[in-house]
Amino acid sequence: MSTSQAPLIPAPGDTRRRPLVVMRSVSKMFSSGTLALSDMSLTVEGGEFVSLLGPSGCGKSTALRIIAGLGDVSTGTIDWPSSRINSKGLPEGDISFVFQEPTLMPWQTVFGNVYLPLKLRGVSKSAAREEIMNTLATVGLADFADAYPRELSGGMKMRVSIARALVTKPKLLLMDEPFAALDEITRQKLNDDVLRLWRETGITVIFVTHSVFESAYLSNRIVVMKARPGRVHADFPLKTSMSRDAHYRTSEDYRQACEKVSNMLIDAIGGEEH
Amino acid sequence: MSDHASAFVPPKTGFFARNRDTLLRTLIPICVVIFLVLLWQFIITVNSIPQYILPGPLAVANSLYNDWGTLSPALWVTTQITMQALALALIGGVGIAIFLVQSKWIETAFYPITVILQVTPIVAIAPLILIYAPTTQVALLICAFLVAFFPILSNMVQGLKSVDHNLLNLYDLYGASRWQTLLYLKLPSSLPYFMTGLRIGGGLALIAAVVAEFAAGSAGAGSGLAFRLLESQYRLNIPRLFAALVLLSLLGVVIFAITSFISWFFLHRWHESSLKREN
């Protein structure tokens with residue numbers, strides 16, 4: 001293992017490497033009678049970058065929403081061993097969510113949108129200003145604080161959405177196919193940005209995607225899911241000998257990772273009863 | 001002419017050149033109105049139509065000037081009733097809308113009542129309201145309120161229910177209270193719907209104020225323009241009837257202009273409806 005690998009996967013004994021969220025035998029039945037998740041167990045440790053990958057309808061978004069507390073589990077439990085939980089059983093302020101759409105308030109400026117999570121906590125605008133401007137700088141939008149969402153491109157709106165998710169300094173960032181609607185070049189840039197932020201902040205990321213290439217590029221662990229009912233098909237780490245940057249995209253390591261992930265996904269889809 | 005001549009046209013300077021579009025957009029309608037008024041006067045004069053059938057614009061202007069002492073207090077009364085009714089309709093419409101969307105059961109239980117209030121013709125319930133209301137003014141106010149508040153209510157209900165679901169999820173995720181969600185998300189998000197309700201409600205408030213006064217048959221010093229209209233008709237003072245009509249039209253135009261401006265003011269920075277298409 002090269003030295004550049006060290007910050008990517010925390011060594012055993014690292015304080016970050018503790019279970020952050022533990023799903024035990026979680027099932028989710030919708031009121032329509034559809035079983036979206038069946039007996040899903042998953043432990044995510046601090047500092048990991050986990051991709052949930054699978055065909056559409058495999059319940060990966062449902063799993064993410066359940067972890068975020070958007071919807072109850074039908075059976076099973078979700079525990080947060082290293083967080084303080086509130087009355088709803090959620091780790092208060094420890095999780096952030098990035099939706100597939102930027103989900104910005106059009107009547108608020110970029111600044112106002114990023115201020116929202118702090119405003120809801122009762123932080124005054126003046127007290128939050130420095131934090132907001134710093135966060136906007138990390139996503140490269142420091143000059144756009146006073147712009148309205150409609151003045152921004154799709155990629156920039158997504159950056160605002162990411163800045164809003166990061167401004168509370170959460171432990172866990174949940175991303176639900178965040179770049180699916182963007183063009184390929186913007187998507188690659190944002191992938192690099194997310195990797196950089198992950199490396200710099202030590203945040204834990206659970207990333208839902210249906211793209212083999214995206215998951216192989218970003219994650220150090222991949223959970224492949226199977227549909228009808230949604231469940232875990234395969235769960236394996238992705239180790240590479242080099243840091244992930246522009247060079248990684250053309251490397252043999254990346255090609256092998258893509259092949260491995262792709263095979264697992266084909267396996268998951270092939271195993272379905274049609 | 002050289003080939004290069006068309007390549008670059010220097011921007012024109014001077015007030016008229018810069019504001020050409022705006023000037024034209026203002027001048028053209030004004031010219032059309034002036035033309036129609038002149039045509040009206042011309043037809044009256046050529047055919048020597050008597051004033052008690054159709055007065056000319058000059059006679060109407062004359063009446064506006066001479067009867068201003070009678071007409072202006074009536075205008076003021078109608079304006080007051082309209083504005084008060086609109087204000088009450090805004091408070092009531094928004095308030096009831098917020099109440100209705102609190103739960104599906106509340107909406108199921110109470111929405112039909114608001115519909116019944118709306119679909120019953122105001123002229124039909126005006127006599128009843130006149131019996132119960134302490135004064136005619138209050139009765140007129142109630143009538144105008146009942147008519148104006150429904151578009152505001154139904155637009156507001158629609159707006160409050162059209163909030164982006166993911167934004168609602170986001171507010172839940174950050175542990176927003178009911179009050180915070182209403183104040184920071186639902187109300188701003190329904191602002192475009194509210195503005196539509198305001199513009200429709202403003203127009204309807206004036207119509208209802210006039211119709212209610214017809215129905216109430218109020219008379220005397222404290223009456224509005226509708227009474228002056230009827231009174232002029234009974235006395236065959238047709239120029240004054242037209243003068244009252246002109247004042248009502250102007251009042252309607254002013255209300256429309258004010259509500260449109262309010263709508264533009266609050267939405268132009270972010271809403272699509274106030275955005276120029278760039279193609």
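**Warm-up: one glutamate**

Glu200(A) counts as exposed, at 54% relative accessibility; here buried means under 20% relative accessible area, exposed over 50%, and partly exposed in between, with a 1.4 Å probe and protein chains only. The model is predicted, with local features needing pLDDT of at least 70, side-chain atom pairs counting only at pLDDT 80 or more, and totals for chains, interfaces and linings using all residues. Residues are numbered from 1 along each chain as its sequence is written, chains are lettered from A and ligands numbered from 1 in the order in which they are written, and side-chain values use heavy atoms, leaving out hydrogens and water.

**Exercise 1.** Find the salt bridges of Arg196(A) with Glu200(A) and with Asp193(A).

*Solution.*
- Start with the rule: a side-chain nitrogen of Lys or Arg must lie within 4 Å of a carboxyl oxygen of Asp or Glu.
- Arg196(A) meets Glu200(A) at 3.7 Å, N to O. The two are four residues apart in helix 5 of chain A, about one helical turn.
- Next, look at Asp193(A): its closest N–O separation from Arg196(A) is 3.4 Å. This pair lies three residues apart in helix 5 (residues 184–201) of chain A. Helices here are DSSP runs (H or I, at least four residues), numbered from the N terminus.
- Now check accessibility: Arg196(A) is partly exposed at 29%, whereas Asp193(A) is buried at 16%.

**Exercise 2.** Describe how domain 1 and domain 2 of chain A meet.

*Solution.*
- Set the bounds: domain 1 covers 14–94 + 177–274 and domain 2 covers 104–169 of chain A, from an automatic or database domain assignment.
- Place the centres: over C-alpha atoms, those of the two domains of chain A are 25 Å apart.
- Count contacts, meaning heavy atoms within 4.5 Å: 12 residues of domain 1 of chain A touch 10 residues of domain 2 of chain A.
- Take the buried area, which is the accessible area (1.4 Å probe) that two parts lose on being put together, summed over both. For these domains of chain A it is about 810 Å², with carbon and sulfur atoms giving 67%. On the domain 1 side, Gly93(A), Leu190(A) and Leu197(A) lose the most area, together 44% of what that side buries.
- Finish with charges: the rule finds one salt bridge across this interface of chain A. Asp193(A) also pairs with Arg159(A), with closest N and O atoms 2.5 Å apart.

**Exercise 3.** Work out what chain B brings to its interface with chain A.

*Solution.*
- Count first: 20 residues come from chain B and 21 residues from chain A.
- The area buried between the chains is about 2,100 Å², and carbon and sulfur atoms give 67% of that. Leu173(B), Tyr174(B) and Trp270(B) supply 35% of chain B's buried area, more than any other three residues.
- Then search for charge pairs: there are zero salt bridges between chain B and chain A.
- Locate the elements: helix 8 of chain B gives the largest share of its side, seven residues.

**Exercise 4.** Which parts of chain B does the pair Lys161(B) and Glu107(B) link?

*Solution.*
- The side chains form a salt bridge at 2.9 Å, N to O.
- Lys161(B) lies in helix 7 (residues 136–161) and Glu107(B) in helix 5 (residues 104–119) of chain B, 54 residues apart, so the pair links distant parts of the chain.
- Compare accessibility: Lys161(B) is partly exposed at 45%, while Glu107(B) is buried at 18%.
- To round off, a salt-bridge network links Asp67(B), Arg228(B), Glu231(B), Arg235(B) and Arg240(B). Over all chains, a search finds 17 salt bridges.
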